[in-house]
Amino acid sequence: MNTIELLDTAPATTLSPARIMDVGMSFWASKTLLTAVKLDVFTELSTNSLTGAELQSRLGLHPRSSHDFFDTLVSLGFLERVGNGAQALYGNAPEAAQFLNRHAPTYIGGLLEMANDRMYPFWGSLEEGLRTGLPQNEMKKTGKSLFDAIYEQPAVLEQFLRGMSGGQMGNFMALAHTFDFGRYDTLCDIGGANATLSICVARQHPHLHCLSVDLPAVVPVAARTIAQAGLSEQIQVGTLDFMRQSFPQAQVITMGNILHDWSLDIKQMLIGKAYQALPDNGALVVIENIIDDERRQNSFGLLMSLNMLIETDGGFDYTHADFHQWATQAGFRSTTKLPLAGPCSAVVAYK
Ligand SMILES: C[S@@+](CC[C@H](N)C(=O)[O-])C[C@H]1O[C@@H](n2cnc3c(N)ncnc32)[C@H](O)[C@@H]1O
């Protein structure tokens, strides 16, 4: 059979392998962006545009592939280049200028720095995690619990807290606008890390008294961040070990990315503690990448749940239907879901 006859008999198909290749190889693009953040490409370009040679020299890179690196960032839409060739000038694209300049208050690179340094290498062992059901992060080497392992190194602690803040900032700002805080006077954020939720909500609702509680290692970082935001009058910080202690009383209790760190029995224990600490008509507000009830659409939420395999002993992400069941079992009368930024939502349980 010659080539023409073969082509004639091949089945007509509209399927394309393009999406398979896109997703399969997307770690190239991901690691290029993470490395650019780590190398401070966007901070370097925040004040003025530079030629490729100037940028390469400022970043201390080898000449061999720096032009490929910069032009890849152009093609991905994170850099812009005026002109072609050696005299062309590189500058930040608008999103990079706003969110990836380390000196801007809107910097969200903390999460990407942590993704580069911790999550990227740990995800290399996803296969082992899936086979064993065991975490693949610092816990694997040290045998310590996640937060003990992270918090014993001050630099890792600070990077983790910046990472949490960068990942959640947009969601907390959306929550401050979307949820009706006007009905309440007091809020307690459980596992509040460096108090990003309290800061976003307090700025928007000056009448609200906030308390952000977390483990002892975190509290000085939270106090410093609140002072820098000029909100020390409105936001208090406190120490709480939610495994051992009951929650402080408040009309609104918030938990951002807390429940997904833990197994089902601990999730239910924490929801029960929130119920005990709230007055009638009080609200528990949980901010996570809530998976759609049919578990088909929210890829980020599902990937986050795989990340909980990599990062925790028994954690997993969940749907609104799951949360509704746990909350009503704890005594809450109703629940609702509020979309926040991108794949993240707040699920709210009313007492
Ligand atoms: C994934 S981070 C979420 C931080 C923040 N709420 C957010 O949404 O970005 C989990 C937080 O829970 C805190 N945490 C872990 N174990 C805790 C415990 N036993 N008691 C109080 N806080 C704890 C950690 O210190 C950390 O700040």
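# A guided tour from the S9–S10 hairpin outward

Select S9 and S10 to begin: these two strands pair in the antiparallel sense over six bridges. Keep in mind throughout that the model on the screen is predicted. S9 and S10 form a hairpin with five residues between them, and in its turn glycine 342 has a positive phi of about 50°. Within this pair, look for leucine 338, whose bridge partner in S10 is alanine 346.

Now keep strand S10 (residues 345-350) selected and add S8, which pairs with S10 in the antiparallel sense over six bridges. Two residue pairs are worth labelling here: leucine 284 stands opposite alanine 349 in S10, and isoleucine 287 has alanine 346 of S10 as its bridge partner. Is S10 mostly covered or mostly open? Five of its six residues are buried, so the strand is mostly covered, where a residue counts as buried if 20 or more other C-beta atoms lie within 10 Å of its own.

Widen the selection to the whole sheet, which is open, has seven strands in the order S6-S5-S4-S7-S8-S10-S9, and shows mixed pairing. Which strands stand at its edges? They are strand S6 (235-239) and strand S9 (334-339), each of which has a single partner strand, so that one side of each is left without a neighbour in the sheet. From one strand to the next, the twist averages 20°. Add helix H17 as well, since H17 packs on the sheet and touches S8, S9 and S10, with a direction that makes about 150° with that of S9.

Move along the sheet to strand S4 (residues 186-190) and S5, which pair in the parallel sense over five bridges. A residue pair to label in this part of the sheet is threonine 186 and histidine 209, the latter being the bridge partner in S5. Strand S5 (residues 209-214) has five of its six residues buried, so it is largely enclosed by the rest of the structure.

Next, select helix H15 (residues 264-277), whose 14 residues reach 20 Å from the first C-alpha to the last, close to the 20 Å expected at 1.5 Å a residue. Colour Lys267, Leu270, Ile271 and Ala274, which are the residues to look at for burial, as they are buried in H15. These residues cover an arc of only 100° around the axis, which puts them on the same side of H15. The spacing can be read from helix geometry, because an α-helix has 3.6 residues a turn, so residues three or four places apart point the same way. Rotate the view to the other side of H15, where Asp265 and Gln276 are exposed. What covers the buried residues of H15? The cover includes strand S7 (252-256), strand S8 (283-288) and helix H17 (320-330).

Helix H16 (residues 299-311) is the next selection, with 13 residues that reach 18 Å from the first C-alpha to the last, close to the 18 Å expected at 1.5 Å a residue. Its buried residues are Gly301, Met304, Asn307, Ile310 and Glu311. They cover an arc of only 150° around the axis, which puts them on the same side of H16. To see what lies over them, add helix H8 (109-123), helix H9 (126-132) and helix H11 (146-151), which are included in the cover of the buried residues of H16.

Stay with helix H11 and pick out aspartate 148, which has its place there. How many C-beta neighbours does aspartate 148 have inside 10 Å? There are 14, which is why aspartate 148 counts as partly exposed. Draw a distance from the C-alpha atom of aspartate 148 to that of alanine 217: the two are separated by 9.7 Å, although the residues are 69 apart along the chain.

Finally, zoom out to the whole chain, whose secondary structure comes to 17 helices and 10 strands. The C-alpha trace spans about 75 × 55 × 40 Å along its principal axes. Of the 351 residues in the chain, 37% are buried, and residues 24 or more positions apart account for 66% of the contacts with a separation of 6 or more. For a last colouring, use the domain assignment, which gives domain 1 (18-99) and domain 2 (167-350); their C-alpha centres lie 36 Å apart.

Technical notes. Residues numbered from 1 in each chain as written. Predicted model: local features only at pLDDT ≥ 70, side-chain atom pairs only at ≥ 80, totals over all residues. Helix = DSSP H or I, 4+ residues; strand = E, 2+ residues; numbered from the N terminus. Expected span 1.5 Å × (residues − 1). Buried ≥ 20, exposed ≤ 12 C-beta atoms within 10 Å, placed from the backbone. Arc of directions from axis to C-beta. Contact = placed C-beta atoms within 7 Å. Pairing = 2+ DSSP bridges. Axes fitted to C-alpha atoms, helices over the stretch in contact; angles between N-to-C directions. Domains from an automatic or database assignment.
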